[in-house]
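Reader: Can you walk me through this structure? Keep it quick, please.

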Amino acid sequence: MSLRDGLLLGMGNPLLDISAVVDEVFLKKYDLLPDNAILADEKHKPMYSELVENYNAEFIAGGSVQNTLRVAEWILQRGNVAVFFGCVGQDKYAKILEERAHAAGLNVQFQYTKDAPTGTCGVLITGHHRSLCANLAAANHFTIDHLQKPENEAHVRNAEYFYVSGFFLTVSPPSILSVAKHALEWNKMFIFNLSAPFLSQFFKEPLMQVLPYVDILFGNETEAETFAEEQNLGTCDVREIARLMADLPKVNRKRQRTVVITQGARPVLVVQNGVMHEFPVHKLDMAEVVDTNGAGDAFVGGFLSQLVQGKALEACVKCGIWAAQKIIRNSGCTFEGKPDFDL
């Protein structure tokens with residue numbers, strides 16, 4: 001398929017990552033642990049301006065789906081292939097988020113709310129460790145009305161591939177279902193990510209409403225195991241879980257569901273058309289690993305960059321592995337220079 005504007009459309013939570021090198025004292029001050037990720041509460045709120053004012057913080061356009069789409073745009077080196085929907089506040093952080101996304105070649109069509117500030121994520125680096133503290137704020141305020149604006153309906157009609165993270169189940173299930181039903185009606189590709197174990201546990205109902213529409217399902221081994229436990233699939237063997245997930249009810253009978261499970265440094269498992277494939281992952285030297293956060297987002301970005309070009313499964317997975325390994329050599333979901341992916 002030839003690349004064109006708006007071929008891929010994503011929905012998720014736009015967050016501005018505020019990344020800075022800090023010391024143990026700073027972590028203790030805000031009651032944070034290295035290599036942990038939490039949602040902010042009141043005591044964390046002053047931290048964001050402190051990082052900006054005192055710690056030479058770097059701003060990175062973040063949030064899972066936005067990360068994935070930025071990586072895909074970087075690999076494609078064309079710009080505007082992807083459109084991103086999410087909700088931000090009416091503030092300086094939203095402007096920074098927009099500028100960073102545009103610099104990465106991403107077409108962002110934000111919904112703006114007066115009711116909350118733009119979502120932020122404090123990224124606190126201590127040596128090889130990094131602590132995340134996310135304040136979703138405005139990201140929680142996305143509503144289906146935004147999709148129903150004529151200009152945004154046009155973006156939905158124009159796209160051939162749709163990508164949504166499980167995190168968005170906590171924000172706007174009606175928006176997810178609206179896009180999923182459009183994909184079904186026009187035989188377009190609807191792609192979804194399990195995103196985190198807690199979603200299979202606490203957002204079961206919306207998850208199981210969306211799943212029948214999913215053509216490609218991503219997850220890691222922990223997310224797959226939690227899903228299997230919550231849905232009583234009767235096994236904790238990840239290969240078997242992947243097969244069972246592929247066989248769950250599906251409304252578009254024109255194609256079987258593909259399931260892609262990453263397992264860190266162990267092989268990527270893919271069930272496609274009922275066949276199990278394994279793709280080895282070249283193990284990196286620990287000295288090269290800066291930060292594994294964003295690796296999953298980058299994997300999907302690499303995969304989608306090949307999928308939208310009509311490439312075969314092997315190219316999609318190999319590019320996903322390549323992209324994940326690029327990202328874990330950097331701090332946060334960042335990249336530089338020209339991509340050198342080669343089958």
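**Salt bridges and fold**

Author: The structure holds 12 salt bridges, each a side-chain nitrogen of Lys or Arg within 4 Å of a carboxyl oxygen of Asp or Glu. This is a predicted model: local features need pLDDT of at least 70, side-chain atom pairs count only at pLDDT 80 or more, and totals for chains, interfaces and linings use all residues. Residues are numbered from 1 along each chain as its sequence is written, and side-chain values use heavy atoms, without hydrogens and water.

Reader: Which residue does E50 form a salt bridge with?

Author: K29; the closest N and O atoms are 2.9 Å apart. E50 lies in helix α2 and K29 in helix α1, so the pair ties together parts 21 residues apart in sequence. Helices here are DSSP runs of H or I, at least four residues, and strands are runs of E, at least two, numbered from the N terminus.

Reader: Is E50 buried or exposed?

Author: E50 is buried, at 14% relative accessible area. K29 is exposed, at 54%. Buried means under 20%, exposed over 50%, partly exposed in between (1.4 Å probe, protein chains only).

Reader: And what does R266 pair with?

Author: E221, at 3.4 Å from N to O. R266 sits in strand β15 and E221 in helix α9, so this bridge links parts 45 residues apart in sequence. R266 is partly exposed at 47%, while E221 is buried at 17%.

Reader: New topic. How many helices and strands are there?

Author: The protein has 12 helices and 16 strands. Buried residues make up 57% of its 343 residues.
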